[in-house]
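Colleague: I should like to learn how to read the features of a structural model in an orderly way. May we take them one at a time?

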Amino acid sequence: MSLLFFSFRSSIPITNTCLANDTTLSHLLDGKINEWPAQRFETDPATEIKYAVDNDSQNLYLAMTIPNFPTQMKIMRQGMELYIDLKGKKKEGKGIDFPVKRDVADNNSMMDFRGQRNEENNGQESAEQRKANMKAMRAAMALTLISMKVFGFSNDPQEQRLDMPGSANIAYAWDSTEVMNIEYRIPFSLFGNASSLNQKNISIGWKLNGVEFSPDTSGSTGS
């Protein structure tokens with residue numbers, strides 16, 4: 001199957017075309033990228049996110065590494081969408097929403113958590129304290145990353161757990177250098193007649209949601 005990479009809007013510019021034949025890799029969905037050769041990855045200069053795609057006769061595999069902590073936090077708070085267009089037209093009607101965008105209450109609780117830590121340290125943080133606080137915030141947010149939304153494969157978007165049998169599956173983890181890895185395994189059976197995709201171009205892209213600002217009803221600046 002021929003995979004044509006591109007960017008949705010301008011979130012992750014993907015400019016190369018890669019021919020992915022029957023894979024020789026043995027993919028293990030565990031949030032680790034040990035089996036992925038480094039040369040398979042492309043890098044987005046703006047975000048430093050790296051991404052790779054592979055397939056065999058049954059599944060589409062995608063891997064993403066996110067080294068930057070603020071980008072990790074943005075993705076966990078605001079969400080990220082993977083789009084797949086089987087006709088190579090860069091349409092956004094089919095894909096996976098993960099992480100699912102957090103609601104305002106969850107984001108406010110994270111801000112309260114950060115503010116509490118700052119008060120405990122009297123506004124002064126050492127490098128070690130800052131690192132510990134960042135890991136604590138990340139761990140708290142990761143507890144909510146338990147589901148995805150699959151859209152465009154049926155009439156209504158479906159929210160499901162990450163390891164639902166017979167459907168798309170996702171695993172994520174952080175490595176020893178605090179890099180966040182996300183792996184996708186998407187069975188071709190979700191696309192209907194998988195044989196119709198043989199030697200066809202399909203379009204793949206990610207969109208990182210931005211932070212939304214809304215006016216405060218009291219007249220102060222919203223955040």
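Colleague: Which residues line the largest cavity?

Modeller: Please note that this is a predicted model. The lining of the largest cavity consists of His27, Leu28, Leu29, Glu35, Trp36, Tyr61, Leu62, Glu183, Tyr184 and Arg185. Two elements give two or more residues to that lining, namely strand E5 (59–66) and strand E11 (180–187).

Colleague: Which element gives the most to the lining of the largest cavity?

Modeller: Strand E11 does, with three residues. By residue class, the lining divides into six nonpolar, one polar and three charged.

Colleague: What volume does the largest cavity have?

Modeller: Its volume is about 60 Å³. The search of the whole structure finds one cavity of 30 Å³ or more.

Colleague: Let us turn to burial. Is Met180 buried or exposed?

Modeller: The term buried applies to a relative accessible area under 20%. Met180 has a value of 0%, and therefore counts as buried. This residue is found in strand E11.

Colleague: Which residues does Met180 touch, not counting residues up to four places away in sequence?

Modeller: With that exclusion, Met180 touches Met64, Thr65, Ile66, Gln72, Met76, Leu145, Tyr172, Ala173 and Trp174. A separation in sequence may also be set beside one in space: Met180 and Asn68 are 112 residues apart along the chain, while their C-alpha atoms are 8.5 Å apart.

Colleague: Where does Glu81 lie, and is Glu81 buried or exposed?

Modeller: Glu81 lies in strand E6 (residues 80–85). Its relative accessible area is 15%, so Glu81 is buried. Leaving out residues up to four places away in sequence, Glu81 touches Ile96, Asp97, Gly205, Trp206, Lys207 and Asn209.

Colleague: Next, the aromatic rings. How many aromatic pairs does the structure hold?

Modeller: The structure holds eight aromatic pairs. One of them is formed by Tyr172 and Trp174, which are edge-to-face, with 5.9 Å centre to centre and 90° between the planes. In general, a pair of aromatic rings is described by the distance of the centres and the angle of the planes. Tyr172 itself counts as partly exposed, because its relative accessibility is 21%.

Colleague: Which residues do ring pairs link into a cluster?

Modeller: Ring pairs join Tyr51, Tyr184 and Trp206 in a cluster. Tyr184 also appears in the lining of the largest cavity, and Trp206 is among the residues that Glu81 touches.

Colleague: Over which ring does the charged end of Lys94 sit?

Modeller: The charged end of Lys94 sits over the ring of Phe153, at 4.9 Å from the ring centre.

Colleague: Finally, the backbone. Which peptide bond is cis?

Modeller: The general expectation is that most residues other than glycine have a negative phi, and most peptide bonds are trans. Here the peptide bond from Phe98 to Pro99 is cis, with omega near -10°. Pro99 lies in the loop between strand E7 (95–97) and helix H2 (104–120).

Colleague: What is phi of Glu48, and what is phi of Lys90?

Modeller: Phi of Glu48 is near 65°, a positive value in a residue other than glycine. Phi of Lys90 is likewise positive, near 65°. Glu48 belongs to the loop between strand E3 (42–43) and strand E4 (50–55), whereas Lys90 belongs to the loop between E6 and E7. At 46% relative accessibility, Glu48 counts as partly exposed. Lys90, at 48%, also counts as partly exposed.

Technical notes:
Residues are numbered from 1 along each chain as its sequence is written. This is a predicted model: local features need pLDDT of at least 70, side-chain atom pairs count only at pLDDT 80 or more; totals for chains, interfaces and linings use all residues. Side-chain values use heavy atoms; hydrogens and water are left out. On a 1 Å grid over the protein atoms alone, a cavity is a set of points where a 1.4 Å probe fits but cannot get out, and a pocket is an open set with protein on both sides within 12 Å along at least five of seven lines; lining residues have an atom within 4 Å of a point. Grid points are joined across faces, edges and corners, and a volume is the space filled by probe spheres set on the points. Helices (H or I, at least four residues) and strands (E, at least two) are DSSP runs, numbered from the N terminus. Ala, Val, Leu, Ile, Met, Phe, Trp, Tyr, Cys and Pro count as nonpolar, Asp, Glu, Lys and Arg as charged, and the others, Gly among them, as polar. Buried means under 20% relative accessible area, exposed over 50%, partly exposed in between (1.4 Å probe, protein chains only). Contact means heavy atoms within 4.5 Å. Rings of Phe, Tyr and Trp (its six-membered ring) pair if their centres lie within 6.5 Å; planes under 30 degrees apart count as stacked, over 60 as edge-to-face and the rest as tilted. A charge sits over a ring if NZ of Lys or CZ of Arg is within 6 Å of the ring centre and within 35 degrees of the ring normal.
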